[in-house]
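Welcome to a short tour of one protein chain. Have the sequence and the 3D view ready, and follow along as we move from one element to the next.

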Amino acid sequence: MNETEQKIVTGARACLLAEGHTRTSVKRIAEYAGVNHGLIHHYFGSKEQLIIELIEQFQCAIKTRMPAPHGAPDRSFPPVWHLFREDSNDRLLLEFLALATESPRIAEKLREVVQSRRSYLQAMFGLTPEQSATLASVIIGSLIHQQLDADFPMETVVRQVLDSFQPPASA
């Protein structure tokens, strides 16, 4: 990705966080990026494709911070909600979720991210596919809940759910 493309993606992120998905337009993104709005169409084709690129970068940023699962499942792993937030910013995930209701392509990209996180949870904690789906759902729901109630005990809730899962029976 060249410098102009990265400037546009950074502008899209800043715009989405500051303005919200309903006020984020190609024109507003261009203003945040400090570029002509035609460059967005030139490099990305559409706002939708730009948001998909932003989701890709969101996914990559998170993946680079997570240790590779290895050996026996580790149930003492540190906070797992970081699998679903970038730089401790839940707002970006919420904006992506809102955009996904408007765009099947964005929804598909977000589905890929969530499936990737579920696979990671499954490998890291030795969960079944159903358990990793449950844990991912609890984490995402808790992130949303915490946006509504800053005192929501997310760590406690996620830990209780994880602790409730019995390790799979050995074959």
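Which helices do the buried residues of helix 4 pack against? Their partners are helix 1, helix 2, helix 3 (37-44), helix 5 (90-100) and helix 6 (104-125). Please keep in mind throughout that this is a predicted model.

## The chain as a whole

The protein chain holds eight helices and zero strands, so that, read from the N terminus, its elements run α-α-α-α-α-α-α-α. Of its 171 residues, 42% count as buried. Among contacts with a separation of 6 or more, 66% join residues that are 24 or more positions apart. The accessible surface of the chain amounts to about 8,900 Å², and carbon and sulfur atoms supply 54% of that area.

## Helix 4 and its aromatic pair

Back to helix 4, which covers residues 47-65. Its 19 residues reach 28 Å from the first C-alpha to the last, close to the 27 Å expected at 1.5 Å a residue. The buried residues of this helix are Leu50, Ile51, Ile52, Leu54, Ile55, Phe58, Gln59 and Ile62.

Phe58 deserves a second look. How many aromatic pairs does the structure hold? There is one. The ring centres of Phe58 and Phe96 are 5.2 Å apart and the ring planes stand at 85°, so the pair is edge-to-face. Because Phe58 lies in helix 4 and Phe96 in helix 5, the pair ties together parts that are 38 residues apart in sequence. Both partners are buried: Phe58 has a relative accessibility of 1%, and Phe96 has 0%.

## Salt bridges

Now for the charged side chains. The count comes to nine salt bridges. Three of them are set out here.

| Salt bridge | Closest N to O distance |
|---|---|
| Glu19 and Arg23 | 3.0 Å |
| Arg28 and Glu19 | 2.5 Å |
| Lys109 and Glu112 | 2.9 Å |

Glu19 appears in two of these rows, pairing with Arg23 and with Arg28. Which residues are linked with Glu19 in a network of salt bridges? The network joins Glu19 to Arg23, Arg28 and Glu31. Its members vary in how much of their surface can be reached: Glu19 is buried, with a relative accessible area of 12%, while Arg28 is partly exposed at 26% and Arg23 is exposed at 54%.

The bridge between Lys109 and Glu112 belongs to helix 6. These two residues are three positions apart in that helix, so about one helical turn separates them. Is Lys109 buried or exposed? Lys109 counts as buried, because its relative accessibility is 13% and the cut-off for buried is under 20%. Glu112, by contrast, is partly exposed, with a relative accessible area of 36%.

## Two residues to visit: His21 and Val157

Where is His21 placed? His21 sits in the loop between helix 1 (3-19) and helix 2 (26-33). Although it lies in a loop, His21 counts as buried, at 19% relative accessibility. Beyond its neighbours within four places in sequence, His21 is in contact with Leu16, Lys47, Glu95, Ala98, Leu99 and Glu102. Of these contacts, Lys47 falls in helix 4 (residues 47-65).

Val157 belongs to helix 8, which spans residues 154-164. Val157 is partly exposed, with a relative accessible area of 23%. Why is Val157 not counted as buried? Its 23% is not under 20%, and therefore misses the cut-off for buried. Leaving out its neighbours within four places in sequence, Val157 is in contact with Val138, Ser142 and Phe152. Val138 is 19 residues away from Val157 in sequence, and their C-alpha atoms are 8.1 Å apart in space.

## Cysteines

One last stop. How many disulfides are counted? The count is zero. Among the cysteines, Cys15 is buried at 0% relative accessibility, whereas Cys60 is partly exposed at 43%.

Definitions and conventions. Residues are numbered from 1 along each chain as its sequence is written. This is a predicted model: local features need pLDDT of at least 70, side-chain atom pairs count only at pLDDT 80 or more; totals for chains, interfaces and linings use all residues. Side-chain values use heavy atoms; hydrogens and water are left out. Helices (H or I, at least four residues) and strands (E, at least two) are DSSP runs, numbered from the N terminus. Buried means under 20% relative accessible area, exposed over 50%, partly exposed in between (1.4 Å probe, protein chains only). Contact means heavy atoms within 4.5 Å. A disulfide is a pair of cysteine sulfur atoms within 2.5 Å. The expected span of a helix is 1.5 Å times one less than its number of residues. Rings of Phe, Tyr and Trp (its six-membered ring) pair if their centres lie within 6.5 Å; planes under 30 degrees apart count as stacked, over 60 as edge-to-face and the rest as tilted. Accessible areas come from the Shrake-Rupley method with a 1.4 Å probe; for residues, only the protein chains shown count as cover. A salt bridge is a side-chain nitrogen of Lys or Arg within 4 Å of a carboxyl oxygen of Asp or Glu.
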